[in-house]
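Q: Please take a close look at one chain of this structure, and at how it meets its partner. Short sentences, please, with each term explained.

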Amino acid sequence: MLRFKAAIFTLLLLLLFCLSAAAQTAEELSDTAALEEPVYEIPRLAQVTNFEAKDSPDDAGGEIELTWDLSVDDKKEDGLVSKYVVLRSQNPTSDFHIVGVANHRDSSYIDKNLKEGTDYYYKIVTFPKYQGEVRLTREEIDPLMEQYPELTELDIKDVSMLAEYDRDIMSVFDDNILGISRVAGPVKSRAQWFNSKDLDTLIIGLTICISVVIFIGMARGGRKLFLRRIGGLQAIENAIGRATEMGKSILFIPGIQDMDDVQTVAGITILGRIAKTIAEYDTKINMPVSRSIVMTTARETIKEAYLSAGRPDAYSDDMVHYITDEQFGYVAAVDGIMVREKPATCFYLGAFFAESLIMAETGNSIGAIQIAGTAMPAQLPFFVAACDYTLIGEELFAASAYLSGEPKQLGSLKGQDVGKFIAMVFIIIGAVFATLAALTGSEDILEITNMIKSWFSA
Amino acid sequence: MWRRTVPIMITFIVGTVLVVAEFIPHKPFGNLGEDFSLYFDIIAVFAFILGGGNLCRVHFSKVYRKKTDWQFSIVTLLGFFVMLAAGLFKIGNPEGIQGDVTAAGSLFADLYDSMFTPLQGTMYALLAFFVASASYRAFRAKNIDASILLIAAFVILLGRTPAPSLIADFFAGAGITFMATAFNFVPTLTDWIMDVPNLAGQRAILIGIALGVISMALRLILGVERTYLGSDSK
């Protein structure tokens, strides 16, 4: 009996052991299943709406403009959206791949470097804020950055996370759940023959050009045109005369920019007039330059001026000499020339930067008569403070025409005045409308004000 | 005749095409501006040889003829050739002859950092003294215009420093509230002067410059302005 009881007890123990082992195995299996669950919790973001793809207007082709209304989740104060990922394909149903990223709260993207005339389809993925670690290594990121030069490293990391979503989950769920927009397209990129954004510039430019041409024609026809007196230009002959009387040289500085700067061109055109007078007065000119092409151009200009003055023998290539392209190296050399040679007259006509005051003050300290002209608004106060005469902005460009005294050239200056008149009229109209908009709060008047503003802004 | 006609024709064609290209994004017009800019850069690079050659010729001549201050020319030539050799032969460059000319440790980089940059800074620093001397002359109250300029300059000078708030605190502490209010208003007045009268003046100048550039460009394109060719005669 005792043996029977012991056998039953042993059987019960075995049964208990088996049950506990089974339970433990089930628990372990359950834990394993839990570990295999996806690491990422995908916020169910609302997709963007009104998603449209169209050819970029006013471009040279190869660009498509995408626009959309923000996802509802992006409009919230602390939205869940981190960015919008742009997918592109040449097939409406498959082969979509990532081509770029737009920041959250952005509602447009321009896809560039496309083949003209090819049909493209687009989708936008509303991408969630990601809190986890990015698993890409440097070796993995670098090739991706080469593949997508338009993306930053951060974008690459984010996009790689999206790719992970794509692999694991996107194929399982419906697109709508993951905030993927509808497909937009097909759309082709095409180059345009006219940039409609520049229509206002074209109209204003044409008006001024036509008025310049009309006034040149009128002046050629013998009509007398009134031009206001420009003190700085009238002083040029006196300044050259002073140098002649003192037996000293004249220093001419054409700025520190190259011949592709219109101010340097303006300086050289004035140089032509000045050099002719210098040749007639038999005075010396010294022209240190900071650009090689300016040197060759200035030499030709002075040579021809001496020729037209009947003094080709007095010309020497040494009148124009190169110093250096470096801004302050050039200033140091020019200051040295001023202090050593003490020219009687200094001309500064061209594009200047920080060196303007250093040169003008040195010229002032040696007692030279100084005439400056530039279209750099920041340097004008320095020249006004340190020089005897300053050609302000447009006067620099008008100087050569003014000095020539030719009717056809003076006509172009009168045409310029038409442009000023147009500017004045629109400034007054704009100011009146802006004031009315501020006083009345009317949206319509504000719209008119903004329209006028847009005509004259870049 | 050809010496003038050909450049005028080139100016007319290139000028007109570039102006028209500004409004046409389609190829080949869209990139013409950039392309021409690149062509200019290529020409400018070769023109460096002209500039360097001229520099050497002028200074060798000065030394050879022992002209006034010829010793300075030796320094110029020495500096020119040492830098040229250091850059051309990549002397001391840790990456060898194929390395970047400005690589750290190269003689070129050392000379640039230890000599050229401080010298450049020295020249730039002169501006501080020149601004003071120019301001002293410009702000003398000789007439009403100069007096207005002086007052505006004083207000801006004061408004750009922490002085107004310190002075306002002093007056507030002394119980003179109207003076404290006045000095607290100085930074606002400074911003107003910069944003309204100053900006309006600058914009007027910029409008004039834009019109002047259009007018001058037309004169050049139409061949009315020929001074850059050396003469205005036909």
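A: Helices and strands here are DSSP runs, numbered from the N terminus: H or I over at least four residues for a helix, E over at least two for a strand. This is a predicted model, where local features need pLDDT of at least 70, side-chain atom pairs count only at pLDDT 80 or more, and totals for chains, interfaces and linings use all residues. Residues are numbered from 1 along each chain as its sequence is written, while chains are lettered from A and ligands numbered from 1, in the order in which they are written.

Start with chain B. Its secondary structure is seven helices and zero strands. Read from the N terminus, the elements run α-α-α-α-α-α-α. Along the principal axes, the C-alpha atoms of chain B fill a box of roughly 80 × 50 × 45 Å. Chain B has 234 residues, and 16% of them count as buried (20 or more other C-beta atoms, placed from the backbone, within 10 Å of the residue's own; 12 or fewer is exposed, and in between is partly exposed). Now take contacts (C-beta atoms, placed from the backbone, within 7 Å). Among those in chain B between residues at least 6 apart in sequence, 32% join residues at least 24 apart.

Next, two helix pairs in chain B. α2(B) and α3(B), residues 70-88, pack at about 140°, and their axes are 8 Å apart (axes are lines fitted to C-alpha atoms, for helices over the stretch in contact, with angles from 0 to 180 degrees between N-to-C directions). That angle makes α2(B) oblique to α3(B) (under 35 degrees is roughly parallel, over 145 roughly antiparallel, 65 to 115 roughly perpendicular, the rest oblique). From α2(B), the contact uses L55(B), C56(B), H59(B), K62(B) and V63(B). From α3(B), it uses W70(B), S73(B), I74(B), T76(B), L77(B) and F80(B). By class, these residues are seven nonpolar, three polar and one charged (nonpolar is Ala, Val, Leu, Ile, Met, Phe, Trp, Tyr, Cys and Pro; charged is Asp, Glu, Lys and Arg; the others, Gly among them, are polar).

The second pair is α6(B), residues 163-174, and α7(B). Their axes come within 8 Å and cross at roughly 170°. The two helices are therefore roughly antiparallel. α6(B) brings P164(B), S165(B), I167(B), A168(B), F171(B) and A172(B) to the contact. α7(B) brings T177(B), M179(B), A180(B), F183(B), N184(B), V186(B) and P187(B). That contact has ten nonpolar residues, three polar and no charged.

Now the partner. In all, 53 residues of chain B are in contact with 68 residues of chain A. On chain B's side, α2 (32-64), α4 (107-138) and α7 (177-221) each supply at least two residues. The largest share, 14 residues, comes from α7(B). That side of chain B has 31 nonpolar, 15 polar and seven charged residues.

Chain A has 14 helices and 13 strands. Of its 458 residues, 40% are buried. Among its contacts between residues at least 6 apart in sequence, 71% join residues at least 24 apart.

One residue of chain A makes a good stop. I323(A) sits in the loop between β10 (320-322) and α9 (327-341). I323(A) counts as buried because it has 23 C-beta neighbours inside 10 Å. Leaving out residues up to four places away in sequence, I323(A) touches P288(A), V289(A), S290(A), Y330(A) and A333(A). T269(A) is 54 residues from I323(A) in sequence and 21 Å from it in space, C-alpha to C-alpha.

Methods: Two residues are in contact if their C-beta atoms, placed from the backbone, lie within 7 Å.
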